[in-house]
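I opened this entry to record what I looked up in one model. The notes follow the order of the look-ups.

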Amino acid sequence: GIITFKNAQDLQEIFKFLPIDKILIETDSPFLAPVPNRGKKNEPSFIDFTAQKLADIKNISKTDLINFTTNNFNKLFFN
């Protein structure tokens, strides 16, 4: 969720250069809830906000980001 914070511009810039085939996302639950839930107890359903921010940074659709990260997970744990 940290990458959704407005003061995380350095992290957002770094993310732009990470290869999409090396990215996984996670929730940081129960800590570090993403914007717009910052300050609340984090929960897995909030991953949607993080995924949208990451997709915006990469200038791809959230669906494409989800497909890439799902494939990356499967390659990591099942290949």
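I began with the helix pair α1 (residues 9-16) and α2 (residues 47-58), which pack at an angle of about 60° with their axes 9 Å apart. The model is predicted, so I read these as values of a prediction. Angles from 65 to 115 degrees would count as roughly perpendicular and those under 35 as roughly parallel; α1 and α2 are therefore oblique to each other. I noted the handedness as well: α1 passes α2 in a right-handed crossing. I then listed the residues that make the contact: α1 gives Q12, F15 and K16, and α2 gives K53, L54, I57 and K58.

Two residues of that contact came up again when I looked for charges over rings. The charged end of K58 sits over the ring of F15, 5.3 Å from its centre. I found another such placement with R38, whose charged end sits over the ring of F5 at 3.7 Å from the ring centre.

Next I went through the backbone of the loop between α1 and α2. I kept in mind that most peptide bonds are trans and that most residues other than glycine have a negative phi. S29 and P30 are joined by a cis peptide bond, with omega about 5°. P30 lies in the loop between α1 and α2. A cis peptide bond also joins V35 and P36, and here omega is about 20°. I placed P36 in the loop between α1 and α2.

D28 is in the loop between α1 and α2 too. I noted its phi near 60°, a positive value in a residue other than glycine. Is D28 buried, partly exposed or exposed? Its relative accessibility is 24%, and buried would mean under 20%, so D28 counts as partly exposed.

I checked N59 for the same two properties. N59 is not a glycine, yet has a positive phi of about 60°. It lies in the loop between α2 and α3 (62-78). With a relative accessible area of 70%, against a cut-off of over 50% for exposed, N59 is exposed.

I turned to the aromatic rings, taking a pair to mean ring centres within 6.5 Å. How many aromatic pairs are there by this rule? I count three aromatic pairs. One of them is F73 with F78, at 6.0 Å centre to centre and 70° between the planes. Planes over 60 degrees apart count as edge-to-face, so I entered F73 and F78 as edge-to-face. F73, F77 and F78 form one aromatic cluster. I looked up accessibility for both rings of the pair: F73 is partly exposed, with a relative accessible area of 38%, and F78 counts as exposed at 60%.

Last, I looked at I2, in the segment before α1. Which residues does I2 contact, leaving aside its neighbours within four places in sequence? I found A8, L11 and L32. I also took the separation of I2 and T27: they are 25 residues apart in sequence and 9.8 Å apart in space, C-alpha to C-alpha. I2 has a relative accessible area of 36%, so I recorded it as partly exposed.

Definitions and conventions. Residues numbered from 1 in each chain as written. Predicted model: local features only at pLDDT ≥ 70, side-chain atom pairs only at ≥ 80, totals over all residues. Heavy atoms only, no water. Phe/Tyr/Trp six-rings, centres within 6.5 Å; stacked < 30°, edge-to-face > 60°. Buried < 20%, exposed > 50% of the residue type's maximum accessible area, 1.4 Å probe, protein only. Lys NZ or Arg CZ within 6 Å of the ring centre and 35° of its normal. Axes fitted to C-alpha atoms, helices over the stretch in contact; angles between N-to-C directions. Helix = DSSP H or I, 4+ residues; strand = E, 2+ residues; numbered from the N terminus. Parallel < 35°, antiparallel > 145°, perpendicular 65-115°, else oblique. Left-handed = near helix turned anticlockwise from the far one by under 90°. Contact = heavy atoms within 4.5 Å.
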